[in-house]
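Have a look at the model below and keep it on screen as you read. We'll walk through some sheets, a helix, a few hollow spots and some unusual bits of backbone.

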Amino acid sequence: MTGTALETEGLGMRYRGRGGGRALRNCTFRLPVGAVCALVGPNGAGKSTLLALAAGFLRPAEGTLRVLGSAPGETRTRVAYVAQDKPLYPQLTVSETLWAGAELNPDGWDQDTAARIAAPLPSRLRVHDLSGGQRTRLALALALGKRAELLLLDEPMAGLDPLARHQLMGALMAEAAEHRTTIVMSSHILSELEGVCDHLLLVDGGRVRLGGETDDLIAAHAVLTGPVRDLAPHTVVEARTTGRALTALVRPDGPVDPAWDRSEPSLEELLLAHLRSPEAPALLTPSATVHEAVAA
């Protein structure tokens, strides 16, 4: 996997209005081309802000951001963005919305893909009469029809029933596999991401806490269970004691004492432990690490 889809260094964004506050601060990471990346974190962590910045709809207060090697505003024809509220023209019908997508993207529109994704929707129904799940399907049809190099999806499966989620997730994965499309999608449903995404960005407090290949991040951690004892020299992410037993998620530093019962964490266990322990040190795999300053 070569090339860079997203790269940030020292990226920061402040909230507007009374009280101020920061949505992102000193956010630094790299995402390679072709990755299918889960963007996770608690409410208010900066996930939606990061996606809107990458789409070119917001300008950062500080730091740098490159999208497909260029400034965000220069890559809009190569990027498809589906915001959390799925904005569409309410007065248009489903078929008129697809027609508008083709007219706005004359050089790269894939009518067959867009029509296939939108097929369950009544073509003459107006957008303002669609349910939340139907609006989501139509927005994803537009995004996939654009045949973009980078898909930025903010809670793309929200409002969909389980069968529709399964079908559309399959369509996204087929898109990634066939066209080497880079996909970044935020979600609060952690189990939905396991086995689907090969990269991870955990954003918390405006910073990237975990970043890189999912398998590498999981392999860098271990769940240790045994009698209460010192966990040195390992880096402890989270430790919980129940009676005389201790269960800890750690980053092993050297051999693990065989007296410990060692297992590999699931992706959900890994994320929840880091979310419960915001003081744990950040970890980025080599592919997610920015080695040189990003050009302005």
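One open sheet is built from three strands in the order β2-β1-β4, and their pairing is antiparallel. Helices (H or I, at least four residues) and strands (E, at least two) are DSSP runs, numbered from the N terminus. Two strands count as paired if DSSP finds at least two bridges between them. At the edges you'll find β2 and β4 (62–67), each pairing on one side only. From one strand to the next, the twist averages 15°. Angles like this run from 0 to 180 degrees between N-to-C directions, with axes being lines fitted to C-alpha atoms, for helices over the stretch in contact. Strand β1 (residues 4–14) pairs with β4 over five bridges, and leucine 6 has valine 67 in β4 as its bridge partner.

Before going on, note that this is a predicted model, where local features need pLDDT of at least 70 and side-chain atom pairs count only at pLDDT 80 or more, while totals for chains, interfaces and linings use all residues. Residues are numbered from 1 along each chain as its sequence is written, and side-chain values use heavy atoms, leaving out hydrogens and water.

Now for another open sheet, this time of four strands: β11-β12-β10-β13, again with antiparallel pairing. Why do β11 (235–242) and β13 (261–263) each have one side without a neighbour in the sheet? Both stand at the edges with a single partner strand, so one side of each is left free of a neighbour there. Neighbouring strands here are turned by 20° against each other on average, direction ignored. Strand β10 (residues 222–227) meets β13 over three antiparallel bridges, and valine 223 is matched with serine 263 in β13.

Next up, helix α8 (residues 267–276), where Leu267, Leu270, Leu271, Ala273 and His274 are buried. Looking down the axis of α8, these buried residues fall within an arc of 165°, so they line one face of the helix. The arc is taken from the directions from the helix axis to the C-beta atoms. Buried means under 20% relative accessible area, exposed over 50%, and partly exposed in between (1.4 Å probe, protein chains only).

What about empty space? On a 1 Å grid over the protein atoms alone, a cavity is a set of points where a 1.4 Å probe fits but cannot get out; a pocket is an open set with protein on both sides within 12 Å along at least five of seven lines, and lining residues have an atom within 4 Å of a point. Grid points are joined across faces, edges and corners, and a volume is the space filled by probe spheres set on the points.

| Space | Volume | Lining by class |
|---|---|---|
| Largest pocket | about 680 Å³ | 17 nonpolar, three polar, three charged |
| Largest cavity | about 30 Å³ | five nonpolar, three polar, one charged |

Here Ala, Val, Leu, Ile, Met, Phe, Trp, Tyr, Cys and Pro count as nonpolar, Asp, Glu, Lys and Arg as charged, and the others, Gly among them, as polar.

Finally, the backbone. Arginine 147 has a positive phi near 50°, sits in the loop between α4 and β6 (150–154) and is partly exposed at 23%. Glutamate 155 also has phi near 50°, but this residue is buried at 12%. The peptide bond from alanine 232 to proline 233 is cis, with omega near 10°.
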